[in-house]
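Work through the exercises below with the sequence and the coordinates open. Each task is followed by a stepwise solution.

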Amino acid sequence: MSYPGIYIHIPFCRNRCNYCDFYITTRTDIKGRYIDNLIKEFELSAENNADNYFNSIYIGGGTPSLLTPEQVFRIINILKGNYNIQDNSEITLELNPEDITEDENKTIEYRDSGINRISFGLQSSNKDELKFLTRFDDTEKITTALERVLKCFKNASVDIIYSIPGSLRKKLEDTIEKIISLKIPHISAYTLIFEKNTPLYYHYENNRVYRNSDETEAELYEYLSDRLTYAGYNHYEISNYALPGFESIHNLKYWEYNNYLGFGASSHSFFHPRRWKNYSNIIKYNLSLEKNTLPTEETHTLTAEESEREIIFLGLRSKGVNLKIFKKITGIIFEKKYSSAIRKLETGKYGTLDSEYFCLTRKGSKIADEIATKYF
Ligand code: SF4
């Protein structure tokens with residue numbers, strides 16, 4: 001049985017980082033009203049989900065660690081009261097270091113409120129890189145915060161950003177060695193993306209910063225993959241690494257084409273074949289719920305062709321295309337329909353087929369998106 005997951009978006013941040021294009025607001029004074037509406041959204045959706053059993057809750061953002069442990073407790077408690085949440089579900093909170101530097105007990109209180117996994121926004125252990133990203137850059141306090149988290153939570157992940165312009169590989173190595181020495185069980189590593197409509201992109205357009213070349217990025221990716229694999233991490237998705245047994249239950253749902261329910265402004269939900277999205281506007285979100293209406297902005301029912309493409313795209317980025325699931329969802333035998341593409345990719349040592357999966361080799365993973373577009 002595959003269980004769906006629950007995602008909750010907390011769209012508040014102290015400041016907007018220069019590279020970020022997520023839906024967030026720095027108006028933290030409206031947190032209370034937002035949480036009340038989030039709870040209302042849980043209650044309004046509960047009836048439609050009476051038959052679903054969930055095994056993960058992910059509180060992401062934004063900056064969920066701007067919530068008090070009491071607010072987090074309220075969210076988890078009301079969810080548990082209205083939905084079938086399995087015992088031992090993975091319950092993650094995204095946390096930024098600056099939110100726990102002042103209060104030693106906050107981490108313990110999060111654990112007591114029901115959180116059993118932390119996703120820590122480290123990004124880098126280097127002060128200059130953090131400054132470049134316009135993030136909190138007191139590296140000593142960040143280390144203390146990370147140690148506090150690791151003391152309370154056996155299951156923790158750190159986010160890092162690499163390929164920051166002007167940064168030498170040495171800085172990335174320092175960050176990675178630190179993570180390995182602390183035995184942090186899960187790592188999500190993303191390249192710096194220059195999203196349009198961000199200050200970073202504006203600086204790039206005006207030649208104030210440059211982008212690393214594709215070759216540099218590929219070298220850094222290879223270094224990361226080699227070093228972490230050598231240290232015992234399983235490279236289980238293009239950007240994700242885990243020590244055995246610490247793969248993220250929630251994130252696997254996105255990559256394995258499982259269903260999930262999203263709550264909060266700008267959140268997305270997926271129950272095959274339907275995708276829907278909430279308002280990416282906190283005012284519209286609040287007003288809708290205050291009128292007792294679900295804050296759905298858009299709904300889309302996937303065509304068979306769209307489903308097929310999505311399963312392939314997600315599969316190639318992670319464990320591979322699961323042949324059984326592909327057939328169950330699309331009614332198509334993957335290895336038959338794509339036999340010629342599979343043969344070419346196998347010959348070029350870009351992919352391998354076994355009785356369960358078609359997956360990319362290391363060589364293929366480096367150009368996964370290109371392969372998805374060109375061959376499928
Ligand atoms: S803390 Fe995260 S969500 Fe908030 S602005 Fe920075 S990158 Fe965006």
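**Exercise 1. Find which residue stands opposite N322 in β15, then place both strands in their sheet.**

Step 1. N322 faces Y357 of β15.
Step 2. Strand β15 covers residues 357-360 and runs antiparallel to β13, with 2 bridges joining them. Two strands pair if DSSP finds at least two bridges between them.
Step 3. The open sheet has 3 strands, ordered β13-β15-β14, and its pairing is antiparallel.
Step 4. β13 (321-322) and β14 (351-353) are the edge strands; each has a single partner strand, so one side of each lacks a neighbour in the sheet.

Before going on, note the basis. The model is predicted: local features need pLDDT of at least 70, side-chain atom pairs count only at pLDDT 80 or more, and totals for chains, interfaces and linings use all residues. Residues are numbered from 1 along each chain as its sequence is written, and side-chain values use heavy atoms, with hydrogens and water left out. Helices (H or I, at least four residues) and strands (E, at least two) are DSSP runs, numbered from the N terminus.

**Exercise 2. Trace the pairing of β2, β3 and β4.**

Step 1. β2 (residues 53-61) pairs with β3 (residues 84-95) in the parallel sense, over 6 bridges.
Step 2. The chain goes from β2 through α2 to β3 in a right-handed β-α-β crossover. Right-handed means that, with the strands pointing away from the viewer, the path from the first strand over the helix to the second runs clockwise.
Step 3. One bridge links I59 to L93 of β3.
Step 4. β3 also pairs in the parallel sense with β4 (residues 117-123), over 4 bridges. Here T92 has R117 as its bridge partner in β4.

**Exercise 3. Does the length of α1 agree or disagree with its residue count?**

Step 1. α1 spans residues 31-46, which is 16 residues.
Step 2. The expected span is 1.5 Å times one less than the number of residues, so α1 should span 22 Å.
Step 3. The end C-alpha atoms of α1 are 22 Å apart, which agrees.
Step 4. Buried residues of α1 include Y34, I35, L38, I39 and F42. Buried means under 20% relative accessible area, exposed over 50%, partly exposed in between (1.4 Å probe, protein chains only).
Step 5. Among the elements covering them are β1 (5-10), α2 (69-82) and α10 (282-290).

**Exercise 4. Which residues surround the ligand?**

Step 1. The shell holds C13, N15, R16, C17, Y19, C20, F22, I24, G62, T63, N96 and R135. A residue is near the ligand if one of its heavy atoms lies within 4 Å of it.
Step 2. By class, 6 are nonpolar, 4 polar and 2 charged. Ala, Val, Leu, Ile, Met, Phe, Trp, Tyr, Cys and Pro count as nonpolar, Asp, Glu, Lys and Arg as charged, and the others, Gly among them, as polar.
Step 3. G62 sits in the loop between β2 and α2. A cis peptide bond joins G61 to G62, with omega about 20°.

**Exercise 5. Check the backbone for special geometry.**

Step 1. H272 and P273 are joined by a cis peptide bond, omega about 10°. P273 is in the loop between β10 (268-271) and β11.
Step 2. T134 is not a glycine, yet has a positive phi of about 55°. T134 is partly exposed, at 42% relative accessibility.
Step 3. S163 also has a positive phi, near 65°. S163 is buried, with a relative accessible area of 6%.

Conventions. Contact means heavy atoms within 4.5 Å.
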